[in-house]
Amino acid sequence: MLTIQSEPFGKTPDGDDVVSYSLTNRNGVRVGLINLGATVTAVNVPDKNGKVANVTLGFNDLDGYLANAPYFGGTCGRYSNRIAKGQFTLDGETYQLATNNDPSHLHGGKVGFNKRVWQHEKVESADHVGVKFTYVSPDGEENYPGQLTVHVTYSLNDANELKIDYEATTDKATVLNLTNHCYWNLAGGEQATIVDNELTLMCDKYLPVDEAGIPIGELAAVAGTPMDFITPHKIGERITEPVNGNGGYDHCWVVNGKIGELRPAAKVVEPQSGRVMEILTTEPGIQFYTGNFLAGTPETGNAVKHGALCLEAQHFPDSPNQPEFPTTVLKPGEVYKQTTVHRFSVVGK
Ligand code: BGC
């Protein structure tokens with residue numbers, strides 16, 4: 001049976017109510033969501049023996065999410081990932097955004113969508129339960145042009161799929177790149193790091209970056225490099241080798257196949273528990289980040305370096321400055337759409 005419940009999760013310093021939702025399905029999967037940042041707070045899934053555990057990093061209370069330096073589970077925007085020097089030009093006008101990840105702009109600036117309070121409503125149908133979050137980002141917020149209305153809908157079904165549908169419209173040309181920033185550790189607390197996880201990326205190419213994490217413009221073949229996950233590899237096998245990976249992997253891969261079509265992008269297998277996560281997306285890219293800045297401190301939820309991994313389906317970083325990349329410009333009258341599915345299963349039963 002699919003169920004949905006909600007309860008108060010506290011108030012922000014500005015007095016806004018934060019609500020926590022819990023979605024469950026007949027297999028014991030439970031997804032936690034809050035409307036601060038349209039954030040995923042928990043994803044509980046069974047292992048090969050049926051033992052259910054949380055496989056995504058989170059905090060215990062609202063204070064944790066109000067600080068949330070690592071962006072645990074949040075919806076990143078208006079532009080997730082990096083924009084070089086925080087600058088771009090659109091329709092002849094140059095915009096200067098916050099360089100909050102010096103010298104670059106990261107995940108929407110000082111107060112990104114992951115820190116905003118979203119409106120929320122339940123979504124229920126015969127085959128899924130979910131929550132639709134809505135945020136209206138004013139013209140000029142974080143110096144981005146145009147009032148942008150964003151909807152993010154999470155839904156869970158009995159096939160153990162967590163689906164994220166994004167939709168956005170604007171009243172003035174703007175740039176946007178939306179993603180979800182869950183940190184996954186499929187061992188559900190049984191393994192401190194993800195180095196033994198086996199990863200497949202359905203990606204023949206990736207984007208090499210400079211020291212600031214900005215793509216140099218080339219779509220490079222992964223073959224023969226530590227970025228080759230066309231067949232499964234243990235993440236730890238070559239984790240010290242990537243160039244400008246911030247101490248691990250922190251790059252965007254180019255998802256094979258057609259942009260706009262829901263197609264497989266990534267698969268993670270945790271051998272001990274047998275838990276498997278597959279990601280399908282309509283997006284051109286997927287950022288694979290191995291939690292290199294997790295520091296074992298309360299600020300990082302006590303997670304250690306490589307204590308979790310992120311697989312963020314999105315457009316390419318710095319697209320507003322790289323005309324060869326698929327466009328991230330949204331114009332009035334257009335509807336931005338993205339779908340990303342996380343499918344959970346087990347092997348070795
Ligand atoms: C980026 C990392 C960054 C992290 C912040 C990721 O999307 O690729 O470089 O440190 O977000 O939590």
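Here are some questions and answers about this predicted model, from its ligand site to its sheets and loops.

Q: Which residues count as being around the ligand, and what makes them qualify?
A: A residue qualifies if one of its heavy atoms lies within 4 Å of the ligand. The residues that do so are Pro 70, Tyr 71, Arg 82, His 107, His 181, Tyr 183, Asn 246, Asp 250, Gln 287, Tyr 289, Phe 293 and Glu 312. This shell divides into 5 nonpolar, 4 polar and 3 charged residues.

Q: What makes the approach of His 181 to the ligand a polar contact?
A: The cut-off for a pair of N or O atoms is 3.5 Å. A polar atom in the side chain of His 181 is 2.8 Å from a ligand oxygen, so the pair falls within the cut-off. Tyr 183 passes too, with a side-chain N or O atom 2.9 Å from an oxygen of the ligand. For Glu 312 the distance between such a side-chain atom and a ligand oxygen is 2.8 Å.

Q: How much of the ligand does the protein bury?
A: Taken alone, the ligand exposes 310 Å², and 95% of that is buried by the protein.

Q: Why are strand 1 and strand 5 said to stand at the edges of their sheet?
A: Strand 1 (3-11) and strand 5 (52-54) each have a single partner strand, so each has one side without a neighbour in the sheet. The sheet is open, with 5 strands in the order 1-2-3-4-5 and antiparallel pairing. On average, its neighbouring strands are turned by 15 degrees against each other, direction ignored.

Q: How do you know that strand 1 and strand 2 pair?
A: Pairing needs at least two bridges. Strand 1 and strand 2 (residues 17-24) have 8 bridges in the antiparallel sense, so they count as a pair. Within this pairing, Ser 6 stands opposite Tyr 21 in strand 2.

Q: Which side chains of strand 8 are buried, and which are not?
A: Phe 88 and Leu 90 point to one face of strand 8 (residues 87-90) and are buried, while Gln 87 and Thr 89 point to the other and are not. Buried here means under 20% relative accessible area.

Q: What makes up the hairpin of strand 8 and strand 9?
A: The two strands have 2 residues between them, and Asp 91 in the turn has a positive phi of about 50 degrees. Strand 8 and strand 9 (residues 93-96) pair in the antiparallel sense over 4 bridges, with Leu 90 opposite Glu 93.

Q: Which are the edge strands of the sheet of 9 strands?
A: They are strand 11 (119-124) and strand 20 (233-234), as each pairs on one side only. This open, antiparallel sheet has the order 11-12-13-14-27-23-22-17-20. In it, strand 14 (residues 161-170) and strand 27 (residues 336-346) pair over 8 bridges.

Q: Why is Asn 244 called partly exposed, but Asp 318 buried?
A: Buried means under 20% relative accessible area and exposed means over 50%, with partly exposed in between. Asn 244 has 28%, so it is partly exposed. Asp 318 has 3%, so it is buried. Asn 244 lies in the loop between strand 20 and strand 21 (250-254), and Asp 318 in the loop between strand 25 (310-314) and strand 26 (329-330).

Q: Where are cis peptide bonds found?
A: One joins Gly 77 and Arg 78, with omega about 0 degrees. Another joins Asp 102 and Pro 103, with omega about 5 degrees.

How values were computed: Residues numbered from 1 in each chain as written. Predicted model: local features only at pLDDT ≥ 70, side-chain atom pairs only at ≥ 80, totals over all residues. Heavy atoms only, no water. Polar contact = N/O pair within 3.5 Å; in protein donor to acceptor, adjacent residues only side chain to side chain. Areas by Shrake-Rupley, 256 points an atom, 1.4 Å probe, with all protein chains shown as cover. Nonpolar A, V, L, I, M, F, W, Y, C, P; charged D, E, K, R; others polar. Axes fitted to C-alpha atoms, helices over the stretch in contact; angles between N-to-C directions. Buried < 20%, exposed > 50% of the residue type's maximum accessible area, 1.4 Å probe, protein only.
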